Structures are given as structure tokens and as C-alpha cells.
Amino acid sequence: MTDPIADYLTRLRNAISAKHRVVEVPASNLKKEITKILFEKGYILNYKFVEDGPQGTIKIALKYDTVNKVNAIRNLKRVSTPGLRKYTGYRDMPRVINGLGIAIISTSKGVMTDKEASALKVGGEVLCYVY
């Protein structure tokens, strides 16, 4: 697999479009950090790290609106790919839907959102947009 982050986002996207409640993805440290950010920002209901085998899996409970049956995640977009990396400084941080969405950034101080990276004045690789 050349792009595990794109695979992670695609699995989430497919589960949302199929109206699944839970999705399982292969675990890695970067995927665990992205999952924690999605939980903290309220895009997913819950998550659980399952240690089975050498890699393990992440079970993610998706969050739906009970009235309209609409998912909390409208769109997931991969920005930086293995063939074309996208980097940004803290002054040029991307704004996702004028601040309503989040950009997940991989910095030298860890994986964080665009707002946290701006506050710490660090730049990095823009992994994805979530809104």
C-alpha cells in the first residue's frame, strides 16, 4: 500500500456513505493520532484500539444525527499525497470552509489541527481536510 492515510480516509468515507455504525481500519501511530483528533473535535462518536496481531486495528463508531440521519462528517479530503507533498507555514495555514472545518497537520510537535498549529507557531505537512 503506497498511501495508508488515503486508505484510512476512504474506509471512513465508504462506511459513511453505506450508513455503517462501526468501521474497522488497520492501525498505525499516525492513524491513531488522526482518530483522536476526530474524536476530540466531535466528528466521531467513539473509538477503540484493538491490539490483535502485530499491527492491530482501530474500531471507529461513526456519529449520526438521530433526526436527519446525517453524518457529522460531510467530507474528508486528502491533501498531501506521496507523489505531491503539501507543506505550510504557520502564517499560511489553510482555512477549511472559512474556519468551520479542520485541517489536520503533521508537525514536528505531533499531529494537530490547523488552529493548534497556528497557536504554537509551527508549520508542517497538511494531511487532510475534514468538514
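## The main core

A nonpolar core here is a set of buried Ala, Val, Leu, Ile, Met, Phe, Trp, Tyr and Cys residues joined through side-chain atoms within 4.5 Å. This is a predicted model, and its largest nonpolar core holds 26 residues. Within that core, Leu38, Ile60, Leu62, Ile104 and Val130 touch the most other members.

Who supplies the residues? Two or more come from each of these elements: helices H1 (4–17) and H2 (29–40), plus strands E1 (22–26), E3 (57–62), E6 (102–107) and E8 (124–130). H1 gives the largest share, with six residues.

## Ile104 and a second core

Take a look at Ile104. Setting aside neighbours within four places in sequence, Ile104 is in contact with Ile34, Ile37 and Leu38, with Val111 and Met112, and with Glu125, Val126, Leu127, Cys128 and Val130. Apart from the largest core lies another one, made of nine residues, including Ala103, Met112, Ala117 and Val122.

## The E6–E7 hairpin

Strands E6 and E7 make a hairpin, with two residues between them. E7 covers residues 110–113, and the two strands run antiparallel, joined by four bridges. One pairing to look up is Thr107, whose bridge partner in E7 is Gly110.

## A lysine out of sight

Lys31 sits in helix H2. Is this lysine buried or exposed? Its relative accessibility is just 4%, so Lys31 counts as buried, the cut-off being under 20%.

Beyond four places in sequence, the contacts of Lys31 are Pro4, Ile5, Tyr8, Pro26 and Ile58. Pro4 is 27 residues away from Lys31 along the chain, yet their C-alpha atoms are separated by 8.6 Å.

Methods:
Residues are numbered from 1 along each chain as its sequence is written. This is a predicted model: local features need pLDDT of at least 70, side-chain atom pairs count only at pLDDT 80 or more; totals for chains, interfaces and linings use all residues. Side-chain values use heavy atoms; hydrogens and water are left out. Buried means under 20% relative accessible area, exposed over 50%, partly exposed in between (1.4 Å probe, protein chains only). Contact means heavy atoms within 4.5 Å. Two strands pair if DSSP finds at least two bridges between them.
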